[in-house]
Amino acid sequence: MKELDRQEAFELASPYPYVLAVTLDRRDRPNIIGLSWWMFTSWSPLMMAVSVGRERYSHECLEHHGEFVLCFPSEGQEKDAWTCGTKSGREIDKFKDTDFKAVPSRVVKVPTIGGVTVSFECRVVNRVETGDHTVYIADVVSICGNTDKVRHLYSIHYRKLISIGSDCGINMDLTY
Ligand SMILES: Cc1cc2nc3c(=O)[nH]c(=O)nc-3n(C[C@H](O)[C@H](O)[C@H](O)COP(=O)(O)O)c2cc1C
């Protein structure tokens, strides 16, 4: 074992499942942010959390409208998914400047993204300040997906996106 700097450690611990969170801004315009800091927090009820930097436009959006749609971008969506993780909604309109298509959600006002593997519609129920990010904790109120788009995207630190599918890897018989 040797001591690592943060860059090396994040790179070594990669890949991380990379998701896109759609939010609504003050003008009801949808915005998309790329996130690796997200998690499920409860099984029953199903809940999720996302950690969003306080300077992000998405932070402003979430403070305005407490809903988001968390999408797993599928293989083939790498370029546009990367744009959402590197450009701010303050500078560009991510639904106009990418090939992503806004698709109406089933329950929440925020749209989802066409062609993604899975999308979770979420309503924020709590928020926690943590360092320079805010963690938004949310109820999952509806789930949609494309069962033919099994392979979705993972990030290697902040360097690139790769696609991995749930058809990969070894099968484990997990008994609790
Ligand atoms: C691989 C990757 C993972 C990221 N994960 C997060 C994250 O978990 N939380 C966050 O606040 N920003 C994260 N970012 C940065 C935002 O996606 C980026 O700053 C984006 O431009 C913010 O857009 P916005 O200003 O429209 O909200 C990540 C970026 C990349 C490339």
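The questions and answers below cover the sheet, its helices and the ligand shell of a predicted model.

Trainee: What is the strand order of the open sheet?
Mentor: The sheet is open and has seven strands. Their pairing is antiparallel. Reading across, the order is β3-β2-β6-β9-β10-β5-β4.

Trainee: Which are the edge strands?
Mentor: An edge strand here pairs on one side only. That holds at each end of the order β3-β2-β6-β9-β10-β5-β4. The edge strands are β3 and β4 (38-42).

Trainee: What does the twist average from one strand to the next?
Mentor: The twist is taken between successive strands of the sheet. Its average is 35°.

Trainee: How many bridges join β5 to β10?
Mentor: β10 covers residues 133-145 and runs antiparallel to β5. Within this pair, Val-50 stands opposite Tyr-136 of β10. The number of bridges joining the two strands is seven.

Trainee: α2 packs on the sheet; about what angle does its direction make with that of β2?
Mentor: α2 touches β2 (19-24), β3, β5, β6 (67-72), β9 (118-130) and β10. Relative to β2, its direction makes an angle of about 50°.

Trainee: And α3: which strands does it touch?
Mentor: α3 also packs on the sheet. Its direction makes about 95° with that of β3. The strands touched by α3 are β2 and β3.

Trainee: How many residues of β6 are buried?
Mentor: Glu-67, Val-69 and Cys-71 point one way from β6. Phe-68, Leu-70 and Phe-72 point the other way. Residues of both groups are buried. The strand is mostly covered, and the buried count is six of six.

Trainee: Which residue of β9 is the bridge partner of Cys-71?
Mentor: β6 pairs with β2 over three antiparallel bridges, and there Val-69 partners Val-22. Six bridges join β6 to β9, again antiparallel. In β9, the partner of Cys-71 is Ser-119.

Trainee: Turning to the ligand, which residues are closest?
Mentor: The ligand is surrounded by 21 residues. The closest of them are Trp-37, Ser-58, Gly-85, Ser-88 and Gly-89.

Trainee: Which element gives the largest share of the shell around the ligand?
Mentor: At least two shell residues each come from β3 (30-35), β5 (47-53), α2 (57-64) and α3 (78-86). The largest share is four residues. The element that supplies it is β3.

Trainee: How many residues of the shell are charged?
Mentor: Seven residues of the shell are nonpolar. Twelve are polar. The charged residues number two.

Key: Residues numbered from 1 in each chain as written. Predicted model: local features only at pLDDT ≥ 70, side-chain atom pairs only at ≥ 80, totals over all residues. Near = placed C-beta within 6 Å. Nonpolar A, V, L, I, M, F, W, Y, C, P; charged D, E, K, R; others polar. Pairing = 2+ DSSP bridges. Axes fitted to C-alpha atoms, helices over the stretch in contact; angles between N-to-C directions. Contact = placed C-beta atoms within 7 Å. Buried ≥ 20, exposed ≤ 12 C-beta atoms within 10 Å, placed from the backbone.
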